[in-house]
Amino acid sequence: MRADAARNLEAVLTTGARMLAADPAASISAIAAEAGVDRRTVYRRFASREELLAAIYEARLEAIEQAISDARLREAPVAVALHRYVEGIIAVNRKWPVELTRMRAEETIRERRERMGREVDAFLRRAEDEGLLRPGLPDEWASSLLLQLMHLGSQRLPHLNAAQAADVVVDTLLRGIGEP
């Protein structure tokens with residue numbers, strides 16, 4: 001793919017993700033205009049809104065997989081890996097703020113998400129085994145809490161960059177919000 005075509009595709013996908021998150025009825029024409037490309041350019045690549053949405057979900061999944069890989073959840077020291085993971089996911093959430101219902105429902109997407117979830121769950125067990133997380137919490141409590149905190153960090157801390165928002169999320173996960 002030519003460099004300009006790659007830039008246009010990236011612009012369409014990221015703009016589409018942002019606009020569809022704000023308005024699920026956003027038209028391809030509106031997305032194209034906001035991305036700075038002609039709507040025919042979008043239609044040459046995507047025959048329908050469904051194809052565009054599928055490409056956005058694919059890009060989001062790839063970004064999540066890359067964030068997990070970059071965090072080195074199996075090799076890096078637990079505290080370092082946790083921060084890298086949270087920072088990466090906050091960046092993904094901000095770049096790809098799409099509604100996730102389809103990502104949870106479609107079988108091929110669900111399988112990938114479940115595989116990623118198992119990897120994160122194994123990491124959180126490692127964090128518990130190494131004393132970073134308190135043992136004895138209900139099943140999936142840490143992963144559910146971490147997902148919610150990352151979502152909040154992505155949405156409610158727009159004045160902070162991803163690393164700074166990750167600092168807040170990790171500190172909240174590890175220390176709570178009570179008095180020290």
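## Close-up views of an all-helix model

**Figure 1. The whole chain holds nine helices and zero strands.** This is a predicted model, so please read each view with that in mind. Following the sequence from start to end, you meet the pattern α-α-α-α-α-α-α-α-α. Along the principal axes, the C-alpha atoms fill a box of roughly 55 × 35 × 30 Å. The protein has 180 residues, and 38% of them count as buried. If you take the contacts with a separation of 6 or more, 68% are between residues 24 or more positions apart.

**Figure 2. The largest nonpolar core has 55 residues.** Leu13, Leu52, Ile56, Leu73, Tyr85, Val86 and Leu146 are the members that touch the most others. Two or more residues of this core come from each of helix H1 (3–22), helix H2 (28–35), helix H4 (49–71), helix H5 (78–95), H7, H8 and helix H9 (162–175). Which helix gives the most to the core? That is H4, with ten residues. In soluble globular proteins, nonpolar side chains tend to be buried together.

**Figure 3. A closer look at leucine 13 and its contacts.** Leu13 is one of the core residues that touch the most other members. Once neighbours within four places in sequence are set aside, leucine 13 is in contact with Phe46, Leu52, Ala55, Ile56, Ala59 and Trp96. Two of these partners, Leu52 and Ile56, also appear among the core members that touch the most others.

**Figure 4. Helix H7 spans residues 107–129.** From its first C-alpha to its last, this 23-residue helix reaches 32 Å, close to the 33 Å expected at 1.5 Å a residue. Which residues of H7 are buried? They are Ile109, Arg112, Met116, Val120, Phe123, Leu124, Arg126 and Ala127, so look for two arginines in this set. Just after the helix, glycine 131 takes a positive phi of about 85°.

**Figure 5. The second largest pocket holds about 260 Å³ of space.** Its lining is made of 14 residues, and those nearest the centre are Arg125, Glu128, Pro138, Glu140 and Ala142. Helices H7 (107–129) and H8 (141–156) each supply at least two lining residues. How many residues does H7 bring? H7 brings four, the largest share of the lining. Sorted by class, the lining has six nonpolar, six charged and two polar residues. H7 and H8 are also among the helices that give two or more residues to the largest nonpolar core.

Key. Residues are numbered from 1 along each chain as its sequence is written. This is a predicted model: local features need pLDDT of at least 70, side-chain atom pairs count only at pLDDT 80 or more; totals for chains, interfaces and linings use all residues. Side-chain values use heavy atoms; hydrogens and water are left out. On a 1 Å grid over the protein atoms alone, a cavity is a set of points where a 1.4 Å probe fits but cannot get out, and a pocket is an open set with protein on both sides within 12 Å along at least five of seven lines; lining residues have an atom within 4 Å of a point. Grid points are joined across faces, edges and corners, and a volume is the space filled by probe spheres set on the points. Ala, Val, Leu, Ile, Met, Phe, Trp, Tyr, Cys and Pro count as nonpolar, Asp, Glu, Lys and Arg as charged, and the others, Gly among them, as polar. The expected span of a helix is 1.5 Å times one less than its number of residues. Buried means under 20% relative accessible area, exposed over 50%, partly exposed in between (1.4 Å probe, protein chains only). A nonpolar core is a set of buried Ala, Val, Leu, Ile, Met, Phe, Trp, Tyr and Cys residues joined through side-chain atoms within 4.5 Å. Contact means heavy atoms within 4.5 Å.
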